[in-house]
Amino acid sequence: MLYQNGQNQLLWFVAALYVYSVIFYWVEKVSKSANELLIIGIILFVANTAYSHWLKLPSIPWHFNYIGFACFYMALGKYYKSHEQIIDNAVSNKMLLMIGIVYVLVIYFADLHIGFAGSPYVVDALFITTLGLILCVLISKRFLNNSRFLLFVGSNTLFYFAFHGKVYSLLQTVSDKIIAHIGMERSFCTDILWGDCVHRRINFDYSRNDS
């Protein structure tokens with residue numbers, strides 16, 4: 001299995017993506033429409049939630065225990081693709097702004113974060129993740145569709161997956177030094193700017209040094 005042999009060398013994701021794609025191929029085969037495929041994806045998402053969060057069963061090699069989550073997001077992408085024009089026309093810029101506001105407020109007041117692997121409550125994971133995907137897709141299409149950089153990333157997805165761990169490690173290092181230098185405390189604003197996982201790592205480092 002491709003895994004980490006150093007900090008943030010996340011090549012396991014490439015192997016997992018291959019496994020998920022193979023399984024999704026057969027899931028798509030048994031569905032008759034994009035709507036039916038999405039329903040199957042939701043069922044698999046709930047089943048995967050039961051496996052991972054309710055029963056707390058052990059992990060399976062190649063991250064096969066996340067297959068239900070992966071199939072749901074792939075099915076969601078297929079559903080969007082088949083209804084792309086309808087969805088794009090239905091969501092105006094004002095509505096997109098409102099979705100962004102709701103997204104930020106939910107993160108702030110409910111302390112919810114996007115998580116590929118769901119949560120014990122199911123609905124919150126689906127809600128916040130779907131909102132985040134809507135924002136990413138529609139903002140990219142409406143305001144960033146001529147970006148050569150994004151076009152390069154989109155056409156070289158596996159290349160991006162192979163190296164995103166190192167990029168993330170670099171961003172962690174830079175943000176650690178900035179936050180430590182200015183003495184910034186964790187807050188909602190810093191979570192938005194640098195990400196919750198970065199601060200968890202910083203807090204862990206501080207507590208380790210204190211001990």
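This report looks at how sure the predictor is, at one helix pair and at two loop residues.

What you have here is a predicted model, where local features need pLDDT of at least 70, side-chain atom pairs count only at pLDDT 80 or more, and totals for chains, interfaces and linings use all residues. Residues are numbered from 1 along each chain as its sequence is written, and side-chain values use heavy atoms, leaving out hydrogens and water.

Let's start with pLDDT, the predictor's confidence in each residue, from 0 to 100. The protein chain has a mean of 77, with 75% of its residues at 70 or more. Over residues 1-8 the pLDDT is below 50, and over residues 194-211 the pLDDT is also below 50. Where pLDDT is low, don't read the predicted coordinates in detail.

Now the helices, which are DSSP runs (H or I, at least four residues) numbered from the N terminus. The axes of α1 (residues 12-30) and α2 (residues 34-54) come within 9 Å and cross at roughly 130°. Axes are lines fitted to C-alpha atoms over the stretch in contact, and angles run from 0 to 180 degrees between N-to-C directions. Contact (heavy atoms within 4.5 Å) is made by Phe24, Val27, Glu28 and Val30 of α1 and Glu36, Leu37, Ile40 and Leu44 of α2.

Finally, two residues other than glycine with positive phi. Most residues other than glycine have a negative phi. Buried means under 20% relative accessible area, exposed over 50%, partly exposed in between (1.4 Å probe, protein chains only).

| Residue | Phi | Loop | Relative accessible area |
|---|---|---|---|
| Lys56 | near 55° | between α2 and α3 (67-82) | 64%, exposed |
| Val122 | near 65° | between α5 (93-110) and α6 (123-143) | 10%, buried |

Key
Helices (H or I, at least four residues) and strands (E, at least two) are DSSP runs, numbered from the N terminus.
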